[in-house]
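Visitor: I should like to go through this structure step by step. Please show it to me before we begin.

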Amino acid sequence: MARLADKIAIVVGAGQTPGATIGNGRATAIRFAEEGASVLLVDRNIESAEETLAMIEARGGDGSCLKAEVTDEAQCQAIARTCVERYGRIDVLHNNIGIALNDSGPTKIAEEVWDQIFNVNLKAIMFICKHTLPVMRKQGEGNIINISSIAAICEMGLVSYKASKAALNA
């Protein structure tokens with residue numbers, strides 16, 4: 001029996017950054033579907049989320065897509081609301097979001113870059129959890145997976161990314 005049979009999973013960051021390899025969000029969404037979950041694929045790039053959905057459906061899985069800008073709390077709230085409207089519940093929330101665009105070392109980092117990275121890598125995850133937790137509590141169960149990075153605990157020059165992922169771990 002599939003480990004996620006009859007479960008509903010949200011994967012935030014289910015699209016794909018351009019490149020030759022498969023990203024964590026896309027890989028997770030496909031795997032959840034292979035294990036029997038219906039998956040709500042959330043991404044700011046809806047075309048990329050739809051590509052992930054096509055891969056899921058080609059494997060016999062089920063899901064749907066939702067475009068969301070996770071730095072907007074109202075859109076974070078809409079993720080949970082949409083999942084409940086479409087599927088009736090939320091069993092798994094998988095937050096696979098993070099950026100490091102224009103990050104640098106501590107003597108060169110721009111305030112706007114710091115704020116944008118923290119807004120995506122930490123604040124957005126907190127708001128998605130804020131609006132998903134009440135659903136899971138009402139159900140009496142659910143699982144949340146927040147993806148961090150080895151950068152949180154190792155030496156690297158990207159100060160905002162590193163600090164935001166360390167904060168996520170905390």
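Visitor: In which sense do β1 and β2 pair, parallel or antiparallel?

Guide: This is a predicted model. In it, the bridge partner of Val12 in β2 is Val42. Over 5 bridges, the sense of the pairing between β1 and β2 is parallel.

Visitor: Through which helix does the chain cross from β1 to β2?

Guide: The β-α-β crossover from β1 to β2 is right-handed. The helix on this path covers residues 24–34, and that helix is α1.

Visitor: How many residues of β2 are buried?

Guide: In a regular strand, side chains alternate between the two faces of the sheet. On one side of β2, Ser38, Leu40 and Val42 are buried, and on the other side Val39, Leu41 and Asp43 are buried as well. Both faces are thus covered, and the number of buried residues in β2 is 6 of 6.

Visitor: Over how many bridges do β2 and β3 pair?

Guide: Strand β2 spans residues 38–43 and strand β3 spans residues 62–67. Leu41 stands opposite Cys65 in β3, and Asp43 stands opposite Lys67. The two strands pair in the parallel sense, and the number of bridges is 6.

Visitor: Which helix lies on the path of the chain from β2 to β3?

Guide: The crossover from β2 to β3 is of the β-α-β kind and right-handed. Its helix comprises residues 46–58 and is α2.

Visitor: What distance does helix α3 reach from its first C-alpha to its last?

Guide: Helix α3 covers residues 73–87, which makes 15 residues. At 1.5 Å a residue, the expected value is 21 Å, and the value in the model is close to it. The helix reaches 21 Å.

Visitor: Which residue caps the N-terminal end of α3?

Guide: The cap involves a side-chain oxygen that lies 3.1 Å from the backbone nitrogen of Ala74. At the other end, α3 is followed by Gly88, whose phi is positive, near 90 degrees. The residue that caps the N-terminal end is Asp72.

Visitor: Which elements are among those that cover the buried residues of α3?

Guide: The buried residues of α3 are Cys76, Ala78, Ile79, Ala80, Thr82 and Cys83. What covers them includes three strands and a helix, namely β1 (8–12), β2, β3 and α4 (111–139).

Visitor: How many disulfides does the structure hold?

Guide: A disulfide is a covalent bond between the sulfur atoms of two cysteines, and the cut-off applied here is 2.5 Å between those atoms. For Cys65, the nearest cysteine sulfur is that of Cys83, 13 Å away. For Cys129, the nearest is that of Cys76, 9.5 Å away. Neither Cys65 nor Cys129 is in a disulfide, and the count for the structure is 0.

Visitor: Is Cys129 buried or exposed?

Guide: A residue counts as buried under 20% relative accessible area. The value for Cys129 is 11%, so Cys129 is buried. Cys65, at 15%, also counts as buried.

Visitor: Which residue has a side chain joined to that of Asn121 by a polar contact?

Guide: Asn121 is placed in helix α4 and counts as buried, at 0% relative accessibility. Leaving aside neighbours within four places in sequence, Asn121 is in contact with Gly98, Ile99, Tyr161, Ser164, Lys165 and Leu168. The side-chain polar contact has a length of 3.0 Å, and the partner of Asn121 is Ser164.

Visitor: How far apart in space are Asn143 and Asp91, C-alpha to C-alpha?

Guide: Asn143 is in strand β5 (residues 143–146) and is partly exposed, with a relative accessible area of 48%. Not counting residues up to four places away in sequence, Asn143 touches Asp91, Val92, Leu93 and Met136. Asn143 and Asp91 are 52 residues apart in sequence, and their distance in space is 6.2 Å.

Visitor: What is the phi of Asn102?

Guide: Asn102 is found in the loop between β4 (92–95) and α4, and counts as exposed at 57% relative accessibility. Its phi is a positive value in a residue other than glycine, near 70 degrees.

Visitor: Where is Asp6 found?

Guide: Phi of Asp6 is also positive, near 65 degrees, in a residue other than glycine. Asp6 is exposed, with a relative accessible area of 71%. Its place is the segment before β1.

Technical notes: Residues are numbered from 1 along each chain as its sequence is written. This is a predicted model: local features need pLDDT of at least 70, side-chain atom pairs count only at pLDDT 80 or more; totals for chains, interfaces and linings use all residues. Side-chain values use heavy atoms; hydrogens and water are left out. Two strands pair if DSSP finds at least two bridges between them. Helices (H or I, at least four residues) and strands (E, at least two) are DSSP runs, numbered from the N terminus. A crossover is right-handed if, with the strands pointing away from the viewer, the path from the first strand over the helix to the second runs clockwise. The expected span of a helix is 1.5 Å times one less than its number of residues. Buried means under 20% relative accessible area, exposed over 50%, partly exposed in between (1.4 Å probe, protein chains only). Contact means heavy atoms within 4.5 Å. A polar contact is a pair of N or O atoms within 3.5 Å; within protein, one must be able to donate a hydrogen and the other to accept it, and residues adjacent in sequence count only if both atoms are side-chain atoms.
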